[in-house]
Amino acid sequence: MIDNLEYYKVFYYVAKTESLTQAAGLLSISQPAVSQSIRLLEKQCGARLFTRVSRGVKLTAEGELLYSYVAKGYEQIEAGQLKLKQMLNLELGEIHIGASDMTLQFFLLPFLERFHEEYPKIKVVVTNAPTPETLQNLRTGQIDFGIVSTPFTSTPDFHTFTVRSIEDTFVCGRRFISYKNRTLDFTELQTLPIIYLEKNTSTRSYMDSFLLANDISIQPEFELATSDMIVQFALRNLGVGCVVRDFALPYLQSGKLFELRFNKIIPKREFCIVTHVKSPMSVAAKNLLDIIQQDLPVKESKGDENNDNNHNI
């Protein structure tokens, strides 16, 4: 066990400068204090470490051996201090985020762009995973924070806040023009060719649950892996697509697609940022969250856990 690291610090500077006086100046202590530290270290080591020469001191063979190890350790400490300072100044570091393609595209990406412009040396790692995996990654400290959509299971080890709303909708093209501007009952969906996401997505689970609560059961014509593909199928008049509205918005605005209207409103869902109450975040992650929160009204929220898909949540 090392008894006194301060002795080794003094030893390092004396050996490096070959001068008790210069070492004292660098350490901001008196020369007698330097001399005493060297004497105590020599006593502790049981060997003479320096000999006096005309212009200062010189390492003995034993001192040379000790210095070869002490220098490496001390210089590593100095390098570590420098890296830590760079990290605190956001000149170095990483952010690990759990998010889906949808939360990236329709929420997080503009903030990442802004953050990267301000802090270009910070590496951002985004892990695409379903909600349960994202929450598990958060519990194990693999990510700094996650972005998920409601509903998801509320647990006491998480803190969540809402960042934006999303809407589920049914969209279609000119083949179904007779349904435009009509107010429909959800039962009419059972007569239409429906394009749905696969069953392992929260959007699909959410819509299935919502329709089942209204005594509606749908057997889709197509089940696809991504919402982007649902929009493409709808554009080709292959059926009525169920998607989060953001995916279809450019085509709704251009008139290539339109939304079905119903006599009941599909409740909105939300994107939420989730952090772990006990796991410390990196300095860079805290700064990114600060940027996000500065631009958003913060609303505390909790929800029920659902499965996400790599391209849809």
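**Close-up views of a predicted model**

**Figure 1. Surroundings of Thr 275.** Leaving aside residues up to four places away in sequence, Thr 275 touches Leu 138, Phe 145, Asp 157, Phe 158, His 159, Met 281 and Leu 289; contact means heavy atoms within 4.5 Å. The model is predicted, so to speak of local features requires pLDDT of at least 70 and side-chain atom pairs count only at pLDDT 80 or more, while totals for chains, interfaces and linings use all residues. Residues are numbered from 1 along each chain as its sequence is written, and side-chain values use heavy atoms, with hydrogens and water left out. Thr 275 is found in strand E14, residues 269–276. Helices (H or I, at least four residues) and strands (E, at least two) are DSSP runs, numbered from the N terminus. The relative accessible area of Thr 275 is 11%, so this residue is buried. Buried means under 20% relative accessible area, exposed over 50%, and partly exposed in between, with a 1.4 Å probe and protein chains only.

**Figure 2. Thr 160 and Cys 272.** Strand E6 holds Thr 160. Thr 160 counts as buried because its relative accessibility is 6%. Along the chain, Thr 160 and Cys 272 are 112 residues apart, and their C-alpha atoms are separated by 6.2 Å.

**Figure 3. The bend in helix H5.** Helix H5 spans residues 101–118 and bends by about 65° at Leu 108. The bend at a residue is the angle between axes fitted to the seven residues ending there and the seven starting there. A proline, Pro 110, follows Leu 108 within four residues. Leu 108 is itself one of the buried residues of H5. The others are Met 102, Thr 103, Leu 104, Phe 106, Phe 107, Phe 111, Leu 112 and Phe 115.

**Figure 4. Helix H9 and its packing partners.** In helix H9 (residues 245–254), the buried residues are Asp 246, Phe 247, Ala 248 and Leu 252. They pack against helices H5 and H8 (227–235), and against strands E6 (158–166), E7 (168–172), E11 (240–244) and E12 (258–259). Gly 255, just after H9, takes a positive phi of about 90°. Helix H8 contains Asp 228, which is partly exposed, with a relative accessible area of 41%. From Asp 228 to Leu 252 the separation is 24 residues in sequence and 14 Å in space, C-alpha to C-alpha.

**Figure 5. Two loop residues with positive phi, Glu 18 and Asp 215.** Most residues other than glycine have a negative phi. Glu 18 has a positive phi, near 55°, and lies in the loop between helix H1 (5–17) and helix H2 (20–27). With 45% relative accessibility, Glu 18 counts as partly exposed. For Asp 215, phi is near 65°, again a positive value. Asp 215 sits in the loop between helix H7 (202–213) and strand E10 (222–224), and counts as exposed at 70% relative accessibility.

**Figure 6. Loop positions Gly 141 and Asp 185.** The loop between helix H6 (131–139) and strand E5 (145–149) contains Gly 141. Gly 141 counts as partly exposed, at 47% relative accessibility. The C-alpha atoms of Gly 141 and Pro 280 are separated by 8.4 Å, with these positions 139 residues apart along the chain taken as their separation. Asp 185 belongs to the loop between strand E8 (183–184) and strand E9 (194–197). Asp 185 also counts as partly exposed, at 30% relative accessibility. Residues up to four places away in sequence aside, Asp 185 touches Phe 262 and Asn 263. Asp 185 and Arg 261 are 76 residues apart in sequence, and 8.5 Å apart C-alpha to C-alpha.

**Figure 7. The chain that holds these sites.** The chain has 10 helices and 15 strands. Its radius of gyration is 32 Å, well over the 20 Å that the globule rule gives for 313 residues, so the chain is more spread out than a compact globule. This radius is taken over C-alpha atoms, and the globule rule is 2.2 Å times the number of residues to the power 0.38. Along the principal axes, the C-alpha atoms fill a box of roughly 105 × 35 × 30 Å. Of the 313 residues, 46% are buried. Among contacts between residues at least 6 apart in sequence, 77% join residues at least 24 apart.
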